[in-house]
Each structure stands twice: as structure tokens, then as C-alpha cells.
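Q: Please take a close look at one part of this model, its division into domains. Then work outwards from there to single residues and to the chains as wholes.

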Amino acid sequence: MSIYLDNAATTPLSAEVLAAMLPYMKVHYGNPSSIHMIGRKARTAVERARRSIADCLQASVGEIFFTSGGTESNNLALKGAVRDLGVRHIITSELEHHCVLHTVEMLEKAYGVKKYFVSQSEKGHLDLTSLEQLLQDLSNKDGQVLVSLMHGNNEIGNLLDLDAVSIMCQNYGALFHTDTVQTFGFYPIDVQKTKVHFLTGSGHKLHGPKGVGFLYINDEINIQPNMLGGSQERNMRAGTENVYGIVGLAKAATLAHEQIVENEAYISDLKHYLMEELQQMIPDVQFNGDPSGRSTCKVLNVAFPANKESELLLLHLDIAGICASGGSACSSGVDVGSHVINALQLDNNSINIRFSFSKYNTKEELNILLEKLKTILKINTLDTKTI
Amino acid sequence: MSTLVSPIYLDNAATTPVDPRVLEAMIPYFTNKMGNAASRNHPFGWAAEDAVDLARTQIANLIGASSPKEIIFTSGATEADNLGLKGVADMYARRGNHIITTVTEHKAVIDTCKMLQKKGVDVTFLEVNEKGMITPEQVRAAMTPKTILVSIMMVNNELGVRQPIEEIAKVTHEGGALFMTDGTQAVGKIPVDVNAMGIDLMAFTAHKMYGPKGVGALYVRRKRPRVKVTAQMDGGGHERGMRSGTLNVPGIVGFGKAAELCALDMEKDHAHVSKLRDKLEAAFLEMEEVYLNGDPDARTPYISNLSFKYVEGEGLMMGFNQEIAVSSGSACTSASLEPSYVLKALGLDDELAHSSIRFSFSRFTTEEQVDYAIEKVRKSVERMRELSPLWEMYQEGIDTSTIEWAAH
């Protein structure tokens, strides 16, 4: 029996979500662009889903655009902003997901956009003074400024103060894009209160399906599509809608928002339990990021002291049936270490492992993990207890 | 058991129902095998990756690809068309900046080409003949030393005509360019062999071949020649760097299963659909002033496009909308009231183009359904014609096309 502690990579689909999706594969299989009854049924489902997502964010339905996932949404926001909104300066951070960093790199090359990094603390928090300084410096230069910063970091879990950044962007007339793939459905976001221009969300990180996401685009701005060839999504994104996926995303988002407080409390409790137990068990264990500070409940990035036993820890955990991760799943293939951990420039050579939780995990599972860790790391419980 | 569950679905060129066997294959990847295919450290990730690899092989086998690595998964055919066209235009910009395509392509190709035009790419849109066909000679004549890509769809989505792509590919290669085809309406329905046909890139999708929506692929040739496209979505570097984004594992598994089933059942399905198509067409063409659109000698049996003269197509559809689901053109443009640009390209006038209906079939369509549709449509056409002054004039022998209508 495996224990799945890699929920920042992807989450299991909830049974209710699957139940909501199935009719759109079995019965209401129409193409939403078809004007006959079977098509209209699919169209209704897509528009209802749009309403659900808009409600989660207090947005208007016209501001929600469905895509194939977080990567596509981030690409659409960043490329659209540069192509259509006169953005010439992008402020981001070294801790962003690769799909933001690589898109910005592409925009530097293809459009001559200038990139700036907000500096970060050792604990992985972005330095908002440095952000303000950048905004101030750029306010005298030609060209629109875009700030693209993720809400919850996928590797270390740090949470950004969205309100503070939003206000700062407004003060300096900058556009604000935030990737909320790790936090949408886990922390409430109200775009009426927290002004953003673009917001990215994805289905499969909140017990919804893979292959579907959305981009919120503030009504005040207008960008052109990246993908052409059909009038779907009000000309913002061509291609036959992934109806069952969209239905699943909306269902998952609605369920997540209905229990947002309970889920956070439950998952947070798991994280803190694991933290405390690890500290008891391994006195010199450390945590990357700031898990007891401003941080998501989902992620605990543990820095195990490097030694003979911990060297192949991830492999041993896998053999023991525990699924965790060394970093982001998306950096497929070659193991070059985590760009996020590297950016923190920590002065240690610890073995870093990301455990990430969901509402389906239990303390019993964490106890099994702790037992396995004791065995793998050859920790003599009796000794640590008596010291 | 009767298959006459209303409405009868004859719009399979817009999308097909998911085959129950496909859905069955997908379910585990929604539930207990839910890993991220890029997770390298645990069995959930590996199981997902294995499933994606199997699907890649199933799809490669269906289209005769030399290696599963030649299949790049996307969110659908539209994305694949965008990736193929923009990706080649970007990657081969140093070699040339001319693309040849046709006026009857799907909007995913036409709109992307128009966007490329704005960016300075030279695009030739070849006209089709009155049967919707392109000749290799037209392509040859349009080629220049700057031509980098010829993109011509294999089977047209409104007419069902199949272009002579083998010959076109040959001409394209002689001119030193790459050949791309939108295979959306062909793959899974007629034999497609990318090597025998000389295809370098091909866009296609699952939901037109009994797979799920939200997943498609771009075939990108790896040998003789090795083709590369510039990624249009940047990120984690999935799909050999050509398409980033977490893979839609259940969707891909469904796509793979659908491909396997299409390969197995292709002859059977083809024979079944041909019989139904022939029956439907024979019944309608027996009626007065009904015309078949597209070359009857170069078609797949899955699509039948007919013009019912003196009847307005949208109005006609209203007549049986509750019982029969068909389309007056492609689904992607059916919300617009413009007559089909494909039919216009064949030289049909607005009136005839407006009187056209596309019937499209699937392996699930039954003879009983087709019989019912024939009866319903025939009655609707007759009823509408009874109300039509034009039809009356035609019956009285007046050539309505020569009448000059007074403005009012």
C-alpha cells in the first residue's frame, strides 16, 4: 500500500468530481459549438462551470477563460501582456514555476522585454521592499510594467501577501499576474478586494482533472489569443472545449471552496504534526522555506542532514511505499537539483525532500512515514528519547 | 432495443461519443493511478508515464509512425495546428518564409496562417475546384525557393473530400519544403501511414475518433528529415521540449485506447458507415433539386454534405432540431450565420450554401436511425418547399436565378 505525499505535483480526483464528469463523456458528449440540442447541453455545462469558477473568485463570468492547464494560462497571460498591453518590463522572482520563468526568457529573446527579480530571504519570502524599489525605478522608464509572482510556492510553500503586492502594483500603475495553481481552492481569493489583472488556476491540483485550467483576465484589460482558429472562449482560446474537464474543474473548485476553512485546518494540522515529530526524531533537521510562518498548509520541504543513510532517501522512501518528491515534477528528466532551493543559497548540503499533503492524507499515514524514516535513517528512538 | 433515442446524432464530424471501452480504459487514471507523468520518484508517476508511453505507441501504430517519440501530445487539434504552423515558421525562418495552404482548411489553419501573415510570413491560399479538390500541380506552381511548408488537410471537415496528399507531399518535397496535414477527420477512419504518404507533420485529435475531448497530438517526423518545431508553450519542457504542461494522463490513455480500437475496427466501421451513407444519399438525391457537395469519387464515407435547394438550411434544421442533430457546416463556425466559407469556395452561391446540411456518421450510428432521419428530413424539406415562393416559381419553370429583385 502506497502513501501519496506528492499532492503539489498532482492530486487524486475526488469521487464527486468524477461523478460530475462522467455524464459529459457518456451522454452529453456534444460539441459546445454545435447549435443542436446535444451541443447546447454541452454549452450549458461549460457556461455553468464558468459561473462556478467566477463565484469562487468573486469575478464576473466574462473574466474566466478555460485553457488546457496552468502552463497554458501562464503563457497566455504573459505573452498577451507583452504583445497587446505594451509590457516592456517584467518583475518576477527566481522562485517562480518554470512555465513563468521560461516564458519570460522567451519574451526577453523575442520581444526584448527586460526582466527583474525581486530578491528573497533565506526563508524564501520575497522582499517587498525590493519589489517596491524596482517598481519605483521603473516608473520613470518607458513601457508598461508587469509583476508576475506566484501566490503559493510549489516547492517550499511560501505564501505571497497578495494584497500588499496588489496595492503596490496599483500605486505604481503596474499590471499584476499571479499563478495560484497551488492555492486556488485552498486559500480564499476575492478579486473584488485584491485587484489582479491575471490569475492562473489549474484543475488537477485541487482534486480535479488534468488537462484543464483557467485564466482570470480582469475586465479592464484586453488581450488577443495565443491559440487561433475558432471563436471558442469568446475568441480568447480556440479549440473544442474539454467539456468533461471543465465540468470537473468547476466541481472540484466548488467543493474546495465549500470546505476551504475545514480543509485548511485539517491539512495544516497534518503538516505541523509531521514537523514536530521530525524535530523530535532528528534534532538537526531543518525545513526549507518558512513552514511555521507565512506558508501554505500543503507543502513541507524537509532538509535532512546529509549522511550515509540519507543520501538515497527518496529512493528508500519509494521502496518503502512513500511517494514524495525532490522538487517540482515538471522539471522532467535530468536531476539538476531544484532551482528554488538553489536560489535560496542555503549554506548546507542537506537532502531536500518535499512532502505535500491533501485532505485525503491521515496522521496514521504520517506515522507510517515516520516509522519508515527511522528505519531508513537508522535512528535509535530510545537514544533520542532519553537525551 | 430501439436505437431511436432522441435526438439522433448525425453530427459526428463535430465530435463523437466516447466509446465505452475508451472510458473504461481511462477510469483507473482518474482514480487509483492518478500520478503526474513527470513525477520521477514514485510508482504513481511511473504508472502514469508507462500509460502515456503505451498510448504514444498505440497512436504511433495507428498512423504508421516509425517511433512513438514522434507523437507530441497537445490539448487538441487546434493546438496541434497552431504548434505545427507557428513552430515551423519560427524554426525554419532562416530557410524561408513562405507557406502554402488552401482556402478550405479548418479555421485553426486559416486563422493561424493569417496571423503569420501579419508577422511577415508569405502565405498562399490555394483555391479549390468546384468539387473541393486541390491538385499537386497547383502546389508545384505555387512553390518558391522560399517555401518552407505546405499544409493541406487530408479530409475536409465539411465535405469529407480526401485530398491527394501523397502526390502533394511528393511535389512539396521536390520543392524542398515540409509537408503538414490536418488529419483530424481522417485519422482512425481511413488508413493513414505517415511514411507511405510522405507526411512530415500531422495534427489530429481524440474526440473525433471516439476518444475524449481536450487531447490531441502533433506528429513530428524524426527521421528523413528530422523535423523540429519551436515550442509555443513554454515551461517545464515536457514532450521533448516541444510542448510544456502537465500531461493530461487520463485523456491521453483514452486517446491511445481509441487509436487501438480504430486500428482494429477500421474496416468494419468503414463498411458499416459506407452502407449508411450510401442509403442516406440515395434517398435524398432521389428528391428533386438536391445536390451533393464535394467530389463523390474522393471522399470518406463519414461525411455527407447535401444542398436542398429552395430550402433555408437553418430553418430546415429547426424543423427537426428536436429529433435529429446535424450541422449546417463545421461546429466551430456554426454559431455564425455566415454561409460556409468552404461551400462558397466551391462556387456555391449564398442561397445554395445556406440550404446545405452536413450529415456525419459514426460506428454507433444505426440503420434504424438513418431511416428515421431520412423520413424526417424529407418531410421537413417538402413542408418548407410548400411554403416557399421560390419553389413554386421553380415548379412553374421560372429560373429564379435570372430574376432581378426590386429593392424595397
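A: The centres of domain 1 of chain A and domain 2 of chain A lie 28 Å apart, taken over C-alpha atoms. Where they touch, domain 1 of chain A gives 34 residues and domain 2 of chain A gives 37 residues. This is a predicted model. The division is written as 3–11 + 260–386 for domain 1 of chain A. Domain 2 of chain A runs over 15–258. Domain 1 of chain A is thus listed in two segments, and domain 2 of chain A in one.

Start with a residue outside both listed ranges. Pro12(A) sits in a loop of chain A. That loop joins strand 1 (3–4) to helix 1 (15–21). Is Pro12(A) buried or exposed? Its relative accessible area is 17%. The cut-off for buried is under 20%, so Pro12(A) counts as buried.

What is Pro12(A) in contact with, beyond its neighbours within four places in sequence? Within chain A, the partners are Tyr4(A), Asn7(A), His207(A) and Tyr360(A). Chain B adds Met34(B). The domain ranges place these partners. Tyr4(A), Asn7(A) and Tyr360(A) fall within domain 1 of chain A. His207(A) falls within domain 2 of chain A. Pro12(A) therefore touches residues of both domains while being buried. One long-range pair can be added. Lys205(A) is 193 residues from Pro12(A) along the chain, yet their C-alpha atoms are separated by 8.5 Å.

Next, a residue inside domain 1. Leu317(A) belongs to helix 11 (residues 313–319) of chain A. The second segment of domain 1 of chain A, 260–386, includes this helix. Leu317(A) has a relative accessible area of 0%, so this residue is buried. Its contacts leave aside neighbours within four places in sequence. They are Ile322(A), Ile353(A), Phe355(A), Leu369(A), Leu373(A) and Ile376(A). These six positions also fall within 260–386 of domain 1. His207(A), a contact of Pro12(A), gives a reference point in domain 2. Leu317(A) and His207(A) are 110 residues apart in sequence. Their C-alpha atoms are 24 Å apart in space.

Now chain A as a whole. Chain A has 14 helices and 12 strands. A compact globule of 387 residues would have a radius of gyration near 21 Å. Chain A has 22 Å, which agrees. Its C-alpha atoms fill a box of roughly 70 × 55 × 35 Å along the principal axes. Of its 387 residues, 63% are buried. Long-range contacts weigh heavily in the count. Among contacts in chain A with a separation of 6 or more, 74% join residues 24 or more positions apart. The accessible surface of chain A is about 14700 Å². Carbon and sulfur atoms own 50% of that surface. Chain A carries 33 positive and 42 negative charges, and their mean positions are 8 Å apart.

Chain B can be set beside chain A. Chain B has 13 helices and 12 strands. Its radius of gyration is 22 Å, close to the 22 Å of the globule rule for 408 residues, so chain B is as compact as a globular protein of that length. The C-alpha box of chain B is roughly 75 × 55 × 40 Å. Buried residues make up 63% of the 408 in chain B. Contacts in chain B between residues at least 6 apart in sequence join residues at least 24 apart in 74% of cases. The accessible surface of chain B is about 15300 Å², with 53% from carbon and sulfur atoms. Chain B has 43 positive and 53 negative side chains. The centres of these two sets lie 10 Å apart.

One loop of chain B deserves a closer look. It runs between strand 8 (216–220) and helix 8 (249–285). Most residues other than glycine have a negative phi, and most peptide bonds are trans. In this loop, the peptide bond from Arg224(B) to Pro225(B) is cis, with omega near -10°. Arg224(B) also has a positive phi of about 45°, although it is not a glycine. Arg224(B) is exposed, at a relative accessible area of 76%. Glu239(B) lies in this loop between strand 8 and helix 8 too. Phi of Glu239(B) is near 55°, again positive in a residue other than glycine. Its relative accessibility is 7%, so Glu239(B) counts as buried. Arg224(B) is thus exposed, whereas Glu239(B) is buried.

Methods
Residues numbered from 1 in each chain as written. Chains lettered and ligands numbered in written order. Predicted model: local features only at pLDDT ≥ 70, side-chain atom pairs only at ≥ 80, totals over all residues. Heavy atoms only, no water. Helix = DSSP H or I, 4+ residues; strand = E, 2+ residues; numbered from the N terminus. Rg over C-alpha atoms; globule rule 2.2 N^0.38 Å. Buried < 20%, exposed > 50% of the residue type's maximum accessible area, 1.4 Å probe, protein only. Contact = heavy atoms within 4.5 Å. Areas by Shrake-Rupley, 256 points an atom, 1.4 Å probe, with all protein chains shown as cover. Lys, Arg positive; Asp, Glu negative; His and termini not counted. Charge placed at Lys NZ, Arg CZ, Asp CG, Glu CD. Domains from an automatic or database assignment.
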